[in-house]
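Colleague: I have a new structure to learn from. Can we go through it step by step?

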Amino acid sequence: MGEFVEGDLVEVCSKEDGLLGGQGEDPQALVETISADEIRPMPPKLSQPSMFSLHDKVDAFDLDAWWFGGITGQEGDTYSVYFPTTNDVCKYPLQRLRRHLEFVNGQWVPSTTRQR
C-alpha cells in the first residue's frame, strides 16, 4: 500500500454494513477514521464508453458514491444495473456509469469484462 500525505485525493472502499461495494468520492473534505485497507488512490480517469454490453462490470454513481454492479439490460441510454451486495436492480443514464476497475497489489487494473 502506498503512502499518503495530507491533501492527497483518495478513494475509500467501505467494508461497513450497508456500504459494502460503495466507493466514496465526495469533493468536500471528509475527516473520518478508517482502516488502512479501505483507502487507496483515486482510480485513473478513463475515457467514457459510448455504451456498455450485457454483463459488463460497472460502477454506478448514486448517493455520493460509486457502487459496483453488472449491466443486466438497456433501454436507449439507460442501463439496468444489478448490485450483488444488495440484490437490487436500478436504472442509470450512461453518464452515471463508469468501467469497473479493481485495485490489486497497489495498482488499478481492468476488471474481467464479463461476469460469469
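Modeller: What follows is a set of questions and answers on a predicted model.

Colleague: Which elements make up the secondary structure of the protein chain, and how many are there?

Modeller: Go along the chain from the N terminus. Each element in the run is a β element. The count comes to zero helices and ten strands.

Colleague: What average pLDDT does the protein chain have?

Modeller: The score runs from 0 to 100. At least 70 is reached by 78% of the residues. The average is 81.

Colleague: Over which residues is the pLDDT below 50?

Modeller: This stretch still has 16 contacts in the model beyond near neighbours in sequence. Where pLDDT is low, the predicted coordinates should not be read in detail. The stretch with pLDDT below 50 is residues 18-22.

Colleague: Is E11 buried or exposed?

Modeller: Buried means under 20% relative accessible area. E11 has 0% relative accessibility, so E11 counts as buried.

Colleague: Which residue of strand 3 pairs with E11?

Modeller: E11 lies in strand 1, residues 10-13, and the partner sits 29 residues away. The two side chains meet in a salt bridge, at 3.3 Å from N to O. The partner counts as buried, at 11% relative accessibility. It is R40.

Colleague: Which residue forms a salt bridge with D59?

Modeller: D59 is in strand 4 and the partner is in strand 8, 39 residues apart. Both residues are buried. Their side chains meet at 3.0 Å, N to O, and the partner is R98.

Colleague: Which residues do shared salt-bridge partners join into one network?

Modeller: Take the links in turn. E11 meets R40. R98 forms a salt bridge with E11, and R98 also meets D59. Shared partners therefore give one network of E11, R40, D59 and R98.

Colleague: What is the length of the polar contact between the side chains of H100 and D59?

Modeller: H100 sits in the loop between strand 8 (97-99) and strand 9 (101-104). H100 is buried, with a relative accessible area of 7%. Its side chain joins that of D59 in a polar contact of 2.7 Å.

Colleague: Which backbone oxygen does the side chain of Q48 reach?

Modeller: Q48 is in the loop between strand 3 (39-41) and strand 4 (57-62). At 41% relative accessible area, Q48 is partly exposed. Q48 touches several residues, including L94, Q95 and R98. At 3.1 Å, its side chain reaches the backbone oxygen of L97.

Technical notes:
Residues numbered from 1 in each chain as written. Predicted model: local features only at pLDDT ≥ 70, side-chain atom pairs only at ≥ 80, totals over all residues. Heavy atoms only, no water. Helix = DSSP H or I, 4+ residues; strand = E, 2+ residues; numbered from the N terminus. pLDDT = per-residue confidence, 0-100. Contact = heavy atoms within 4.5 Å. Buried < 20%, exposed > 50% of the residue type's maximum accessible area, 1.4 Å probe, protein only. Polar contact = N/O pair within 3.5 Å; in protein donor to acceptor, adjacent residues only side chain to side chain. Salt bridge = Lys/Arg side-chain N within 4 Å of Asp/Glu carboxyl O. Lists of a residue's contacts leave out its neighbours within four places in sequence.
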